[in-house]
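The exercises below are to be worked through with the sequence and the model in view. Each task is followed by a solution in steps.

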Amino acid sequence: MKQGDVVEIQIVDVSESGEGVGRVNDRVVFVPDTVTGDRIAARITHVKRQYAHGKLLEVLEASPHRVRPSCIVADKCGGCQLQHIDYDYQLAAKENQVLQALKRIGGFAEPPVAPIVGARGNFAYRNKVTYPLGVSDSGTVKAGYYRKGTHQIVNLNQCPVQDERLNPLLAEIKQDIQDRGWQIYQPESKGAREPGARRTGVQIVVTQERDLGVSDRGIPKPKLRNRQTVTEVIDIPDDRPKFRHLLLRIGRRTGEILLTLVVTDLNIPDIEGQAQRWMQRYPKLVGVCLNLNDRPTNNIFGTETRCIAGREYICETFGNLQFQLKGDTFFQIYTEQAEAVLDLIVDRAGFKGTETLIDAYCGIGTFTLPLSKRVKRVMGIEVHSASVIQARANARLNGINNVEFRTGEVEELLPELDMQADIVLLDPPRTGCDRAVLDALTDMQPAQIIYISCKPSTLARDLQILCEQGNYQLDLVQPADFFPQTAHVECVAFLSKSQVTAPAPAELASI
């Protein structure tokens, strides 16, 4: 097999990245935009020792799980990977992904995986979207997700997975930026530039030479002339303010909307006036903010955010509490699914009201604050200082006084805590827990560990470490679909020191 070969493949599975999986001559081949049951023709694009990647050329025989995508750019946009798969099979594939990770990586022979909690609405669910901005070949402003495997923006005027109330703002605010003539940020590196992008500026250095000229006999001519010679061409930076990203956040229950624009300079001509016009145009828009990011980095946000109209947060209801959510702090993308997991934790943990709970990676207190109503004392740990400030504000907003929040790395603070926890809640990033966190839990020996994860492979790795010495047993892993139409899956795992495995709950109905 070599790059460029055209092969016929029977797709037999879906990988954790959402690609169809098949085999050619005992080599695994991954092909995007395919699903189990497809028979396809594909062109090989990359070949490794044990596997290869291919590009779909033709569906020779369609799987019964294949459907027509709802979005016309689904095959190009990198935002969704599974729109061509019917939703029931999306759920089955994700549940199997969790099961296989626990077997292969975690070493659990019979993982206690409950049926996945599906979403009642598998479109129009995202409460937050962040779009990079770019310039098309024709010079128009575009916003959207990156094309699969590239940094080229697929232009969108609406998106089927974002809350549909955000669609008008996406198209119209993009047009307003263009009509204003405001500049769009272009990455400096040549390989990352959008097609058709030009240099930010050019300075041409010209040398003036006075040429008297000479006659054929060597006598100076009476007429003088100046001759210009280009001696150097220098790129010069364009220091005008530029727009990098457009962020929209909405309260699913309140309908309040916050607009945040990531820019390279806060001094944008008449931005306050335009912000007021946006506030008048969109009655549910409660605030417009600018976030300053003037560094050549892939990070979306900088450290400074300024509110230029309205307020810097939206209000949202979650877990029977009121939350204030800013643009640059983390909150679960699918509000209703996150609340279903919260209810599961409450039902499963069996709180008595006397417990001490540590919520590691607590963010703005999404789970910390609702659970504080069920226990005696809570400690939240979070590295993002702005989130801790917001968590404390949300605690005051709801009159909660049995919660303490500390700022710092979990792997540094958890081993130093002078408190004994009955329950530890973990909700780390996709990379999972640092080994120091797992070692600290082994030393602390809480009665229960509840682990929320958005990546089955790192969850399985960490569960193996927690269980391998026999201190903990895995009682239940509950997958939940927080990201319909994408390959991502959320899980909550319950571990206990008890030597008797708790019975698995009855199958949870889709919400």
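Contact here means heavy atoms within 4.5 Å. The model is a predicted one.

**Exercise 1. Describe how helix α8 packs against helix α9.**

Solution.
Step 1. Two packed helices are described by the angle between their axes and the distance between the axes.
Step 2. For α8 (residues 435-444) and α9 (residues 456-467), the angle is about 30 degrees and the axes are 10 Å apart.
Step 3. The crossing of this pair, α8 and α9, is right-handed.
Step 4. On the α8 side the contact is made by R435, L438 and L441, which meet D462, I465 and L466 of α9.
Step 5. Sorted by class, the residues of this contact are four nonpolar, two charged and no polar.

**Exercise 2. Give the strand order of the open sheet of seven strands, and state which strands stand at its edges.**

Solution.
Step 1. Strands of a sheet pair through backbone hydrogen bonds, either parallel or antiparallel.
Step 2. The order is β21-β20-β19-β22-β23-β25-β24, with mixed pairing.
Step 3. The edge strands are β21 (403-407) and β24 (473-480); each has a single partner strand, so one side of each is left without a neighbour in the sheet.
Step 4. Between neighbouring strands of this sheet the average turn is 15 degrees, direction ignored.
Step 5. Take one pair as an example: β23 (residues 448-453) and β25 (residues 490-496) run antiparallel and are joined by six bridges. Within this pair, I449 is opposite L495 of β25.

**Exercise 3. Which strands does helix α4 touch, and which strands does α9 lie across?**

Solution.
Step 1. Helix α4 (residues 335-349) packs on the sheet and touches β22 (423-426), β23, β24 and β25.
Step 2. The direction of α4 makes about 10 degrees with that of β25.
Step 3. Helix α9 lies across β23, β24 and β25. Its angle to β23 is about 165 degrees.

**Exercise 4. Work out the layout of the open sheet of six strands.**

Solution.
Step 1. Reading across the sheet gives β1-β5-β6-β4-β3-β2, and the pairing is mixed.
Step 2. At the edges stand β1 (6-10) and β2 (13-14), each with a single partner strand, so one side of each is left without a neighbour in the sheet.
Step 3. Strand β4 (residues 27-31) pairs with β6 in the parallel sense over three bridges. One position to find is V28, whose bridge partner in β6 is Y51.

**Exercise 5. What lines the second largest pocket, and which strand gives the most to the lining?**

Solution.
Step 1. The volume of the second largest pocket is about 660 Å³.
Step 2. Its lining has 21 residues, and E19, P32, D33, K148 and G149 lie nearest the centre.
Step 3. Strand β6 (residues 51-61) gives the most to this lining, with four residues.
Step 4. The lining divides into nine polar, seven charged and five nonpolar residues.

**Exercise 6. How many cavities of 30 Å³ or more are there, and what lines them?**

Solution.
Step 1. The count is two cavities.
Step 2. The largest cavity has a volume of about 80 Å³. Among the residues lining this cavity are C71, C77, C80, Y145 and C159. By class its lining has nine nonpolar residues, two polar and no charged.
Step 3. The second largest cavity holds about 40 Å³. V14, S15, L82, A93, K94, Q97 and A487 line it.
Step 4. Helix α1 (residues 87-104) supplies the largest share of that second lining, three residues. The classes in the lining of the second largest cavity are four nonpolar, two polar and one charged.

How values were computed
Residues numbered from 1 in each chain as written. Predicted model: local features only at pLDDT ≥ 70, side-chain atom pairs only at ≥ 80, totals over all residues. Heavy atoms only, no water. 1 Å grid on protein atoms, 1.4 Å probe; cavity = no way out; pocket = protein on both sides within 12 Å on 5 of 7 lines; lining within 4 Å. Points joined across faces, edges and corners; volume = space filled by probe spheres on them. Helix = DSSP H or I, 4+ residues; strand = E, 2+ residues; numbered from the N terminus. Nonpolar A, V, L, I, M, F, W, Y, C, P; charged D, E, K, R; others polar. Axes fitted to C-alpha atoms, helices over the stretch in contact; angles between N-to-C directions. Left-handed = near helix turned anticlockwise from the far one by under 90°. Pairing = 2+ DSSP bridges.
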